[in-house]
Every structure is written in structure tokens, then in C-alpha cells.
Protein chains: 2
Amino acid sequence: MSENKRTEINRLGEFELIHRLTNGFEQYQGNTVKGIGDDAAVIDNSGEMTLISTDMMVEGIHFDLMYTPLKHLGYKSIVTNLSDIYAMNGTPRQVTVSIALSNRFSLEAVEELYSGMRSACKRYKVDLIGGDTSSSQKGLFISVTAIGQATNEEIVYRNTALPGDIICVSGDLGGAYVGLQILEREKAIFLENPDFKPELEDNAYIIGRQLKPEPRADLIYSLRQAGIKPTAMIDISDGLASDLLHICTQSNVGAVIKEAQVPIHTVTEQQAIKFRLDPITCALNGGEDYELLFTLHPDDLDKIQGLSDVYIIGSILPPEDGVLLETSGGNFHKIIAQGWDHFDESTD
Amino acid sequence: MSENKRTEINRLGEFELIHRLTNGFEQYQGNTVKGIGDDAAVIDNSGEMTLISTDMMVEGIHFDLMYTPLKHLGYKSIVTNLSDIYAMNGTPRQVTVSIALSNRFSLEAVEELYSGMRSACKRYKVDLIGGDTSSSQKGLFISVTAIGQATNEEIVYRNTALPGDIICVSGDLGGAYVGLQILEREKAIFLENPDFKPELEDNAYIIGRQLKPEPRADLIYSLRQAGIKPTAMIDISDGLASDLLHICTQSNVGAVIKEAQVPIHTVTEQQAIKFRLDPITCALNGGEDYELLFTLHPDDLDKIQGLSDVYIIGSILPPEDGVLLETSGGNFHKIIAQGWDHFDESTD
């Protein structure tokens, strides 16, 4: 390390940072099939594949306990990791959970957090097999690792989309982001006037999208039953734009998304407009919807007709065409990634 | 959650807390061979076993950056997890690394942290396969998950020691703890007088034990080559007392440790006395030595004669005898756990 040079981390994007930190690592183990760069890593156990995915959630960065019930937080911390295993077309089987928390949290509060984790484990039939508990000087930190299983033939990567493939998404987008805006607004009003009782009912759907997302296990099973294997897949955690770009960059292809075909829930649309936000921008850049974004060989078009929750939103193009949004007015815009940048929120 | 009840977490020990939080989780997956309660979890992949271990390190709780070089910290964060895999008699193959850090850290500082991780991965031939980076509002958090492999026959658990077994340890104990006391003392002097240049050379050995521990991969291979399989094993992270009690409680056995046979390095002994600490207390309760504590069938006694770094320190007894320390003076004391309690240090 040069003693004199200081590069601020928030000047790099998250992916540039990860690249800078990890590119000097060599691979030593023959059974590492896939390392960094997909929803989950893939390890070969004599033909049976182990999938590993890990995520950290940090108080004040990823969640605000003023409007996030601990039970929901526990639930979300598990399911967001399971979503990564499903996005590999695998089956999650185990999780490990590590938490660090300050003495602001009582045993009862932590039990509430774990009761949400238990609900998620029960619903998706995964086993809690380990973890660590520690104190922190400030705030709550949750680190979850999900372990899944798949055969080599089942696994779907990000880097295998081909020109001509159809681009699909499993549900409406932007809701989690607009739901978050509502929670932030209600918090601001409450801080001004503690007697204020928030009216959240009308927006229950999008608030639920933010606080209690569900991974699309159901769709993974529907696709399997229909005999369809996506050519590439990712879960939408950073936003459609960023996650589509992952597929396109890693597959070395272009793409076009039709604005009019991107599913956006009525409530998302109405509330976005109230916030003077463009609904399609919320869908493209909002993130945290945990829907699946996947590509299909055009021959599979017939097979998806009977499936609910498969929305065709565009198609894969040759790389030279770039990654484009075709607006409802017929114009084409280049899609650029504008996911979350958590490092802007750091204040130590 | 009862709204009225508040139980402070630091009133529970770490193991009691883990028990309270995890005991309502059910097991759904047939391939979960071992969940919570050993150095690593065990997952069956049609005969080949995947071992999973995870640990969190928190600034201000587990390390102090005033005297912990980031490179050493990175190294230690990896090897302490590998130690858990070796303690199952497995071979570590992959790790995932998640970090959360405040904007106090520059890119150069984080690169230094990762260069230590890279050294550890290179030395122990493990692949970095994933992780997460996030910001934190305050301080540095490191969560590492290690993934290892073993056959079903190779795995050594904690709960399989039998009366009559010999108790062994792979190296001297208490050094990491006394090394930490020296670093803390030098920090206190430095804070009083910033011109002070610490003299650490004489204590290089025990400071190294604290800052740059090595997992005992070498001993695992020696035992294998000698055709010895321990009957039970654990790595000493919490201290000999606490970790021996894990073996005894889980195996439902008693034990006796002979004070005179517990290996303690001369420097550890001398420095402990300067701090008015009893050297055997440092060995029993200090922790962080990352030596292996294991039990052997008495028939294997001959086979270990040729092995360096196997110290016989006692024997396993029937459960009704309890877990005892036989002092050099011939007295017997009950061994109780007094590992770290990080929750006392939380200040949010």
C-alpha cells in the first residue's frame, strides 16, 4: 500500500470495487465450477452441484428499523438469499445466519428477528445449519449464506443468453422501490409530528413488496414442469437495467426492452406519479423486487403460453446493437445501470 | 414478542443466546447431516460431504485497528474459518467474504485487507468464490464462510469422545491472549504519549500468535499419514476450558487435564506473570490460539510417538467424574467455561 494515496471508495461503483479487490485471487480447486460473477457460486461434488450465495444487510444502509418490523427483516434476510439460489435454477436447502448487534437490542427483539427467519425457513423448507452471533458497537448487521443444490444440467448461468432469445420477467417491477419512498415519507412526517398515524392501507401491496418480498420458487417449479430451461437467468435485486446489463455483458450480447411491455402494478404507477417519478425509471432502477429475469430460446415460446407470471418484455440482440429501451413513443434509449450505491450513505 | 419484557442480551452467554434463537428451527432437508453445534455443518452430496463454517469479525469487538495491520486482519479472518474445517478433519476448498465498511476506509486500505486474505487463500489453496460488499455507518465488519470437503468416514465430530480416550493438543496455549494484553498495554502507553516507540521484539512470538494465527493443516495431514483418526476434535478458539467442555458436554463424558502437561510457551509464561496473570488461566480461558484439541483411542498411543506437535494433556473420564484440572500440586478443580463474552463490550 502506498502511504500517500487515498482513493475514496464511493468514487468506485460496487462492481468496480469487487473487481479491484478480487482480481488477484487465483483458483486452486478443481471443483470450483463458478466463482464470483453470478447469483451463486457453483461447486462440483462428483456431479452433484452445491450452490453458494451470500449477502449482508446493514442497519441504516439496507434497512431502517423505524419502519421495518424485525420479523419482516428476518424473513427478508433469508428469502433474498434463497432468491439467488432459485436464480441459478437450483433448490435452496440450507442457510447460515450471522448477526452482530448492539446492546440496544433486547433478547425479545432478536427473538422476533429470528421468528421471521424461521417463517422463511419453514415456507421454503430450508435448514438453519450454522452461523455466528456477535455484538457490534453500533447497529445491526445480518450476514446470510444460502446453500443449494442442482444437477450440472439444471444450472442456469448469466452468461449464456444468445441473440434471438426472448427476455422474460416473472412479475411487476418498481413496486419495492416506490413502497420504500412511501415508508420514507411517512417516517419524515412522523418525525415532524409524532401524533401522526400513517395511512398505509392503499399502498399495502407496494409496501409489502419492500418489506416482505417472496422469491419466485413457484415459477422455477412451473418452468421445470413445463419442460422449459431458461438460457440465462438472474434475480432482480439491483433493478431491471443493472441486472439485464449483467446478463448482456456476461453473455456478450445486446438487448431491447419494450417499455410498454414491462409489467408495472397500478399502485406502483399511481404512487410513482405522486412522487413525480417516472414509473418505468422505478422499474428499471428501483431494485429489490426479487422477480426473475430470464431469457428463453424462441422455440420455447409456445410452452410458456399456459404459464401465469411470465411476461415477455423484449429480446436479445447481437452485441453491436447495444442494450436498449424502446419507449412507448417508438424511440430508443441506451440502458445504463443506476442501481443502488450504498457507499454514498456511509457517514463514519 | 411481549411488548413489556426486555431481557438484556449480555445477561445470557453466547451459547445460551444461540440456543434461544435457534431451537425453534425445524430440519426439512434429508441431506443435512449436522446442523448447529460443531465446528462446521455437514451436508451430504450423495456420499461426498460438504462442510460449512462461518464467522463474523467486528471492529471494536474482535479487533482494534490501532494495533492490527489490515493485512494481518484479512489473513486472520480467512484462517480462523479454515481452522473450523480442519477441526472436522476436512479439507477447506472455498471461501466467501462479505465486508461492510464506513467511508473512513480508502480503497488502498481495503486492498491491503484483501491482500492478507489473498495470502491466506494462496497458502491454504482455497478459492474465493463469492461475497458481498456494503457500507456501514460505523466500523468494519467481516463475515467469512468456509466450504470444505471430506468423506463421511473422515469427518471427526465433537460428540464422539469416549472414556479412556487420550486428550491431546497440537501446540502451546495462552500465547494469543497474553499477546493481546501486550498490544493493549502498548496502545494505552501510546495514547498517553504519542512519541512512544513500542518495543515488541521480545514478545514477537506471542504477538504473532494474536495477530497472525495459523490453522493446523499440517497436523491434520500428519495424523492422516500416520493412520490416526481422532475420536473427537475441536479447534481452540474460545479457550481450552470452553472448548474441552464442548467435547465433554456433547459426548456426555468427563475429563481430567493435568496442569503440568498443558504446553505453555516460555514467553507466554514470563509475560503472563508480568501482568500478574496465572499462565494456566491464560491457557484455559485465553482463546484464539487456533490449536486443535482432540481425543485419541488409547490404541493409537504408539502411533503418535513419532509426531511432533502432539501434546498429551489428559484423558476422558466417565460423565459422573466431571471435567477437572489436576494442578501441579495434585489438587483437582472443576473446569468451568470463561471464554470471551463480547456482549459486555457493546456500547450503542
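Here is a short tour of a predicted model with two copies of a chain, A and B.

**Start with confidence.** Colour chain A by pLDDT before anything else. The average for chain A is 92, and 96% of the residues score at least 70. For the model as a whole, ipTM comes out at 0.91 and pTM at 0.93.

**Now show both chains.** What takes chain A onto chain B? A rotation of 180° does it, with 0.0 Å of shift along the axis, and the RMSD of the superposition is 0.0 Å. So you're looking at the relation of a two-fold axis. Select the contact residues of chain A, then look for them in chain B: 100% of them recur there, so the same surface serves both copies.

**Hide chain B and split chain A.** Select 31-151 of chain A and give it one colour; that's domain 1 in the domain assignment. Then pick 166-343 of chain A for domain 2. Drop a marker at the centre of each, taken over C-alpha atoms, and you'll find 22 Å between them.

**Zoom in on where the domains meet.** How many residues does each domain of chain A put into the contact? Domain 1 of chain A brings 19 residues, and domain 2 of chain A brings 19 residues.

**Next, select residues 70-86 of chain A.** This is helix α2, which gives the most to the side of domain 1 of chain A that touches domain 2 of chain A: nine residues. Finally, colour that whole side of domain 1 of chain A by residue class. You should get nine nonpolar, six polar and four charged residues.

Definitions and conventions: Residues are numbered from 1 along each chain as its sequence is written. Chains are lettered from A and ligands numbered from 1 in the order in which they are written. This is a predicted model: local features need pLDDT of at least 70, side-chain atom pairs count only at pLDDT 80 or more; totals for chains, interfaces and linings use all residues. Copies are superposed by least squares on the C-alpha atoms of residues with pLDDT of at least 70 in both. Two residues are in contact if their C-beta atoms, placed from the backbone, lie within 7 Å. pLDDT is the predictor's confidence in each residue, from 0 to 100. Domain bounds come from an automatic or database domain assignment. Helices (H or I, at least four residues) and strands (E, at least two) are DSSP runs, numbered from the N terminus. Ala, Val, Leu, Ile, Met, Phe, Trp, Tyr, Cys and Pro count as nonpolar, Asp, Glu, Lys and Arg as charged, and the others, Gly among them, as polar.
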